[in-house]
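This briefing is arranged by topic for reading beside the sequence and the model. It begins with the surroundings of the ligand and then turns to aromatic rings and individual residues.

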Amino acid sequence: MIIHNCEGVGVTVENMTIYMDNSATTPVRKEVVEEMIPYLTENFGNPSSIYDLGKTSKHAVEKARKRVAYAIGAEENEIYFTSGGTESDNWAIKGIAFANRNKGKHIITSSIEHHAVLHACKWLEGQGFEVTYLPVDKYGMVSPEDLKNVIRDDTILISIMLANNEIGTIQPVDQIGKIARENRIYFHTDAVQAIGHVPIDVQKMNIDLLSLSGHKFQGPKGCGALYIRKGTKIEILLHGGAQERKRRAGTENVPAIAGLGKAIELAVGEIGESDKTLLEMRERLIKDLLKIPKTHLNGHPIKRLANNVNVTFEYIEGESLLLLLNAKGVFASTGSACNSSSLEPSHVLTACGVPHEIVHGSLRLSLGKMNTQEDVNTVLHQLDQKIIYPHYDFKHLTESILKSE
Ligand SMILES: *Cc1c(COP(=O)(O)O)cnc(C)c1O
């Protein structure tokens, strides 16, 4: 980033960065840090201890539980704190599978789930369960009709994410929940990316289990929660002490739980206003990036997270775009963070039918509350056609790999 000093001479400021990878993780916000500090310092008691120091910690955990419950329309005693989105997903899927295997061994999920869901399902297949992976359309959308068609008498669980972490597509969760309820099948949704963007009501949406993770909405890492509807038959995964009403053992991560509670209250409380700003930035990025020849938007044009931009550039390696941006202090991603060290094409883009010749040319910009219109200008400037396609003369490239719509 260039800053002009008083002589009007451009000075490069090396340490000024633009962070546009908020789907990978987010910075912990100031108010959240403040909420956490007492439990990292003087209020260090174990919530299970009966003296006052312990009770102070216990009180912090219960206050956070209230905040999480309120944020998703649940009751306090339906919220269980975990070590993050991965644990919540694993608990929901394995826990329902093992507690209900006498009823059936069939699970339905989608082909674009996070690996925490997909790999848990894959593992269950090795344990004698059968899993149907629903396809998605070119926008990454699951069809409720497809879902109806694959339900069997022995289906025990439907797990479909609320919003996708790579392409931002928001699934028709209301309809999916209704179908699950009508068929008396448990419905789990991975809402890790949706918290703070999509208003959630587990009652209205007929959700039985919901995963969330603190670090995706400006809370701390290594802390999440699983909502489990009252009366749900679920197996325990972590055996030990009596914490979390004897369903998830282990001394509570009190500072992180307190922080998560504050973070979800702020994130959900600000949905309307923050998404308005994010939407403006998202639309400007998408509009201008699609002006570059041979670019395609991934994900749904409207039913998508307000902070998600995912564009494929033909003839370009996504990794090289990341390096180009990194050199200018812009941090972004090619897909899910888990894929950044592997050369496997994104399973999400592949499921959406992005041809393998161009699947490696995708760039995900995920916006956050610290981003400004100025950041958008800088990023658009860095992704200028002349910079990323210096050697191509588009006049001679008439055939697009993907047919324009
Ligand atoms: C990040 C993420 C997870 C995993 O959450 P962690 O807290 O990092 O374990 C699960 N699902 C989705 C959709 C995610 O984006």
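The shell around the ligand consists of two nonpolar, eight polar and three charged residues. The model is a predicted one. In the protein, 87% of the 380 Å² that the ligand exposes when taken alone is buried.

**Ligand surroundings**

- Of the 13 residues around the ligand, those that come nearest are Thr86, Asp190, Gln193, Ser213 and Lys216.
- Helix H3 supplies three residues, the largest share of the shell around the ligand.
- Glycine 85 approaches the ligand through its backbone, with a polar atom 2.8 Å from a ligand oxygen atom.
- Histidine 215 uses its side chain instead, placing a polar atom 2.9 Å from an oxygen atom of the ligand.
- For lysine 216, the distance from a polar side-chain atom to an oxygen atom of the ligand is 2.7 Å.

**Aromatic pairs**

- The structure contains three aromatic pairs.
- One of them joins tyrosine 80 and tryptophan 91 in an edge-to-face arrangement, with 5.6 Å between the centres and 80° between the planes.
- This angle counts as edge-to-face because it is over 60 degrees.
- Tyrosine 80 belongs to strand E4 (residues 79-82) and tryptophan 91 to helix H3 (residues 85-99), so their pairing ties together parts that are eleven residues apart in sequence.
- Tyrosine 80 and tryptophan 91 are both buried.
- Phenylalanine 98 and phenylalanine 129 also form an edge-to-face pair, at 5.4 Å centre to centre and with 75° between the planes.
- Because phenylalanine 98 lies in helix H3 and phenylalanine 129 in the loop between helix H4 (115-126) and strand E6 (130-134), this pair ties together parts that are 31 residues apart in sequence.
- Phenylalanine 129 has 4% relative accessibility and therefore counts as buried.
- Phe98, Trp123 and Phe129 are linked by ring pairs into a cluster.

**Charges over rings**

- Two members of this ring cluster, Trp123 and Phe129, are each approached by a lysine, as the next two points describe.
- Lysine 94 places its charged end over the ring of tryptophan 123, at 5.0 Å from the ring centre.
- Lysine 105 has its charged end over the ring of phenylalanine 129, with 5.5 Å to the ring centre.

**A buried arginine**

- Arginine 282 is part of helix H9 (residues 271-289).
- With a relative accessible area of 4%, arginine 282 is buried, since the limit for a buried residue is under 20%.
- Its side chain makes a polar contact of 2.9 Å with the side chain of glutamate 283.

**Backbone and loop positions**

- Arginine 245 is not a glycine, yet its phi is positive, at about 50°.
- This residue, arginine 245, is found in helix H7 (residues 243-246) and is partly exposed at 36% relative accessibility.
- Tyrosine 315, likewise not a glycine, has a positive phi of about 65°.
- The loop between strand E12 (308-313) and helix H10 (318-327) holds tyrosine 315, which is partly exposed with a relative accessible area of 33%.
- Proline 27 is located in the loop between strand E3 (18-19) and helix H1 (30-40).
- At 34% relative accessibility, proline 27 is partly exposed.
- Proline 27 and glycine 196 are 169 residues apart along the chain, and 14 Å separates their C-alpha atoms.

Technical notes
Residues numbered from 1 in each chain as written. Predicted model: local features only at pLDDT ≥ 70, side-chain atom pairs only at ≥ 80, totals over all residues. Heavy atoms only, no water. Phe/Tyr/Trp six-rings, centres within 6.5 Å; stacked < 30°, edge-to-face > 60°. Helix = DSSP H or I, 4+ residues; strand = E, 2+ residues; numbered from the N terminus. Buried < 20%, exposed > 50% of the residue type's maximum accessible area, 1.4 Å probe, protein only. Lys NZ or Arg CZ within 6 Å of the ring centre and 35° of its normal. Near = heavy atom within 4 Å. Polar contact = N/O pair within 3.5 Å; in protein donor to acceptor, adjacent residues only side chain to side chain. Areas by Shrake-Rupley, 256 points an atom, 1.4 Å probe, with all protein chains shown as cover. Nonpolar A, V, L, I, M, F, W, Y, C, P; charged D, E, K, R; others polar.
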